[in-house]
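User: Please take a close look at a single strand and its surroundings. I would like one connected account.

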Amino acid sequence: MPKERLDKITALNCSVSRRDARKLIKEGRVSVNGQVALRAETEIDTQTDTIAVDGRQYAIKEHLYIMMNKPAGVISASEDKNKTTVVDLVAPELKRRSLFPAGRLDRDTTGLIIITDDGDFTHRLLSPSHHVYKKYIAKLDAPLSGESVRRLEAGIELEDGTKCLPARVKAYEENGAYFAEIEIREGKYHQVKRMTAACGSHVEELRRVRIGALALDETLAPGECRELTPSELTSLFND
Ligand code: URA
């Protein structure tokens with residue numbers, strides 16, 4: 001049975017900091033299975049226990065899943081001495097010490113990134129064997145030929161001999177500029193950039209717009225984030 005501390009679960013479910021959660025507990029405002037619980041370290045069974053704050057019951061969630069519209073110029077990490085990270089940008093009411101980005105986007109890549117505290121979820125999202133496709137829109141300096149699209153779709157070999165899994169690719173032109181929608185289910189270093197470079201087209205701008213069936217919420221301004229809804233969370237693994 002998954003057990004978690006009461007202060008952690010209270011913070012997560014009421015969107016308050018750990019410190020504020022401990023205060024609520026001390027003040028006798030938190031009850032577990034109908035009994036007031038005064039100890040922050042009380043162990044909670046996240047599958048069977050119920051928690052109420054000021055008499056209002058919460059469905060227990062163990063983890064936090066946040067969607068961010070990553071801006072250019074920030075790194076996909078939890079912390080860094082000199083550079084701003086995606087976790088630095090998380091809104092204060094969602095901030096937790098244990099957050100990390102589920103996968104990496106390059107510093108200059110923009111768009112959809114998930115920030116969480118759930119390691120198992122991250123593994124499922126990133127492992128190629130789970131077949132979760134990530135969709136990117138690449139602005140290119142030169143068009144992708146039909147032959148290049150076929151090579152990418154078949155699983156291209158990069159210039160250093162690395163073999164990529166088959167990708168889904170659509171190349172198009174818009175207002176005189178060249179673009180490609182590229183969907184991949186693995187995350188090798190600079191993968192999309194290296195895949196198109198192997199075809200002679202270089203990425204000028206890269207944006208991730210979808211993971212599984214979850215599209216980036218385009219109402220989020222660059223750097224903004226919000227919690228995923230339960231159905232959005234499920235949609236990450238549906239395609
Ligand atoms: N592929 C890249 O080249 N860069 C990214 O940030 C993501 C995928």
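User: In β12, which residue is the bridge partner of K134? Start there, and work outwards from strand β10.

Analyst: The bridge partner of K134 in β12 is I184. This is a predicted model, and every statement below refers to that prediction.

K134 falls within β10, which covers residues 134–140. Strand β12 runs over residues 177–184. β10 and β12 pair in the antiparallel sense, over 7 bridges.

β10 has another antiparallel partner in strand β13, residues 203–211. That pairing also counts 7 bridges. Within it, I137 has R207 of β13 as its bridge partner.

Burial comes next. Of the 7 residues in β10, 5 are buried, so the strand is largely enclosed by the rest of the structure. Buried here means under 20% relative accessible area.

R207 leads on to strand β9. T110 stands opposite R207 in β13. β9 and β13 pair in the parallel sense, over 2 bridges. β13 is antiparallel to β10 but parallel to β9.

β9 spans residues 110–116 and is mostly covered: 7 of its 7 residues are buried. Strand β7, residues 65–70, pairs with β9 in the antiparallel sense over 6 bridges. There, M68 has I113 of β9 as its bridge partner. Strand β8, residues 100–101, pairs with β9 in the antiparallel sense too, over 2 bridges. P101 is matched with I115 of β9.

Now the domains. The assignment gives domain 1 as 4–58, domain 2 as 65–127 + 214–235, and domain 3 as 133–211. The residue ranges place β10 and β13 in domain 3. They place β9 in domain 2. The centres of domain 1 and domain 3, taken over C-alpha atoms, are 47 Å apart.

The ligand comes last. Its surroundings include Y136, a residue of β10 by number. L206 is also among the surrounding residues, and its number falls in β13. The others are L105, D106, T109, H190, Q191, V192 and K193.

Three backbone contacts can be listed. A polar backbone atom of H190 is 3.2 Å from an oxygen atom of the ligand. For K193, a polar backbone atom is 3.1 Å from a ligand oxygen atom. V192 places a backbone N or O atom 3.1 Å from a nitrogen atom of the ligand. On its own the ligand has 240 Å² of accessible area, and the protein covers 96% of it.

How values were computed
Residues are numbered from 1 along each chain as its sequence is written. This is a predicted model: local features need pLDDT of at least 70, side-chain atom pairs count only at pLDDT 80 or more; totals for chains, interfaces and linings use all residues. Side-chain values use heavy atoms; hydrogens and water are left out. Buried means under 20% relative accessible area, exposed over 50%, partly exposed in between (1.4 Å probe, protein chains only). Helices (H or I, at least four residues) and strands (E, at least two) are DSSP runs, numbered from the N terminus. Two strands pair if DSSP finds at least two bridges between them. Domain bounds come from an automatic or database domain assignment. A residue is near a molecule or strand if one of its heavy atoms lies within 4 Å of it. A polar contact is a pair of N or O atoms within 3.5 Å; within protein, one must be able to donate a hydrogen and the other to accept it, and residues adjacent in sequence count only if both atoms are side-chain atoms. Accessible areas come from the Shrake-Rupley method with a 1.4 Å probe; for residues, only the protein chains shown count as cover.
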